[in-house]
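Trainee: I would like to understand how the surroundings of a ligand are described, and how each description is justified. Could we go through them one at a time?

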Amino acid sequence: MTELRTDFPTCDLFCRVIDNFGDAGVCWRLARRLLALGVGRIRFITDHPEVLALLAPDAAEVAEVVPWDEFERRAAEPDFEPAGLVIETFGCRLPDAYDEALAKKRATALAAGRRPPFYFNLDYLSAEDWVEESHDVIGLHPRLDLPKLWFFPGFTSRTGGLVIEDDYEEKRRAGIARRGEFLASLGLEAERFTTFVFCYPTNALEVLAQGLALTERPRNILLAPGAAGDVVEARLRALDPDGRRVRTVRTPFLPQTEFDQLLWSSDAVVIRGEDSFVRAQLSGTPLLWSTYPTEDHAHRVKLDAWLERFTKRFDDAGAAGRYRRTADDWLEGTLPPEALSAFLEDALLWRQAFESWRIELLQNGDLGRRMLERAARGL
Ligand code: TRH
């Protein structure tokens with residue numbers, strides 16, 4: 001891997017939390033990645049520090065975490081200095097005072113013949129075709145001389161890629177080797193088929209519980225914290241009171257640095273959102289995706305676009321068709337419990353495609369590196 005020389009001593013990364021954990025999860029993973037690639041210091045500005053604290057109990061040792069309102073006040077002070085690398089995420093809009101200070105820094109740098117600060121807007125992940133056209137496009141500020149670059153994560157070489165640590169493969173191998181020990185620490189037998197579930201309360205939880213419990217061979221079920229897990233847990237207890245078919249464990253909310261272990265220890269996963277979906281794909285574990293539900297049905301479009309790319313990785317067209325139907329029906333809530341159970345039983349059939357897809361994503365490259373390389377070229 002070529003060495004990346006980055007000369008961005010400081011970065012301001014802005015993160016507004018809409019809901020759940022994904023906004024902070026995506027931003028924090030990127031922050032850690034940029035530090036690992038040589039960015040000197042990061043100010044992580046967020047309106048919900050408590051969400052970050054859950055994901056990263058060590059956050060304050062890694063970056064300067066600043067509450068949004070406090071930072072907004074700081075940005076209005078006359079001696080305030082914005083960073084050399086600025087990342088707005090998901091169009092969260094930076095405080096006006098910050099934009100003004102940044103425009104001033106830019107004007108001063110340009111007048112002195114120095115490199116001006118680099119300003120990104122990092123957008124949401126989608127496999128849709130339009131992403132390639134919108135990626136790496138400059139947007140202008142309505143009032144100020146302050147261009148910013150729209151950057152999109154994605155699945156193709158004409159997007160920014162996904163956050164992938166340089167030592168990901170090494171960590172994955174070690175994590176897979178730790179499966180037995182990890183499952184034993186949860187009181188589970190490693191030989192059993194293991195499924196990790198992290199989905200939304202709006203998903204078809206009754207079908208999920210029935211499908212999970214529909215088995216001749218006993219299964220391990222890991223349920224993430226949250227309302228969906230509560231419902232599935234209660235239903236599984238009712239469907240299988242003496243635990244002969246399923247051994248169910250509620251997992252604690254793990255720090256983000258340990259989240260992958262859940263995926264590496266599983267034979268199949270039901271996964272949601274953006275960041276955990278990406279990590280599941282990198283793990284190669286067969287997955288069913290619960291896309292983040294939106295009223296305008298963007299989740300449907302997102303799933304279709306991803307399936308379009310992913311199902312090309314199947315060697316067997318019949319298996320590709322079956323996977324597509326299962327994934328579609330799961331999202332629509334029309335998947336029969338028998339089909340959910342069959343998805344798990346047939347995990348070996350899907351593995352080849354998930355493995356090939358994961359290799360493609362690894363080869364496609366890392367978002368953090370792409371951002372720094374792009375910033376080094378200037379606007
Ligand atoms: O939590 P999510 O559903 O989050 C979001 C947000 O709702 C957001 O508004 C939306 O835009 C986005 O999805 C698509 O799903 P996500 O993205 O997978 O984030 C979950 C994060 O929580 C991820 O970084 C992994 C982390 N996590 C842990 O670190 N430990 C845990 O034990 C669990 C269950 C999750």
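Trainee: Which element gives the largest share of the shell around the ligand, and how many residues is that?

Mentor: Bearing in mind that this is a predicted model, the largest share comes from α1, with 3 residues. That helix spans 22-36, and α11 (256-264) and α12 (275-283) likewise each supply at least two residues of the shell.

Trainee: Why is the ligand said to lie between domain 1 and domain 2?

Mentor: Domain 1 (10-163 + 365-377) and domain 2 (168-364) both contribute residues to the shell around the ligand, and therefore it lies between them.

Trainee: What makes the pair formed by Leu-254 and the ligand a polar contact?

Mentor: A polar contact is a pair of N or O atoms within 3.5 Å, and a backbone N or O atom of Leu-254 lies 2.7 Å from a nitrogen atom of the ligand, so the pair meets that definition. By the cut-off of 3.5 Å, Arg-272 qualifies through an N or O atom of its side chain, 2.9 Å from an oxygen atom of the ligand, and Phe-21 through a polar backbone atom, 3.1 Å from an oxygen atom of the ligand.

Trainee: How much of the accessible area of the ligand does the protein cover?

Mentor: On its own the ligand has 710 Å² of accessible area, of which the protein covers 97%.

Trainee: What kinds of residues make up the shell around the ligand?

Mentor: The shell divides into 13 nonpolar, 6 polar and 5 charged residues.

Technical notes. Residues numbered from 1 in each chain as written. Predicted model: local features only at pLDDT ≥ 70, side-chain atom pairs only at ≥ 80, totals over all residues. Heavy atoms only, no water. Polar contact = N/O pair within 3.5 Å; in protein donor to acceptor, adjacent residues only side chain to side chain. Areas by Shrake-Rupley, 256 points an atom, 1.4 Å probe, with all protein chains shown as cover. Helix = DSSP H or I, 4+ residues; strand = E, 2+ residues; numbered from the N terminus. Nonpolar A, V, L, I, M, F, W, Y, C, P; charged D, E, K, R; others polar. Domains from an automatic or database assignment.
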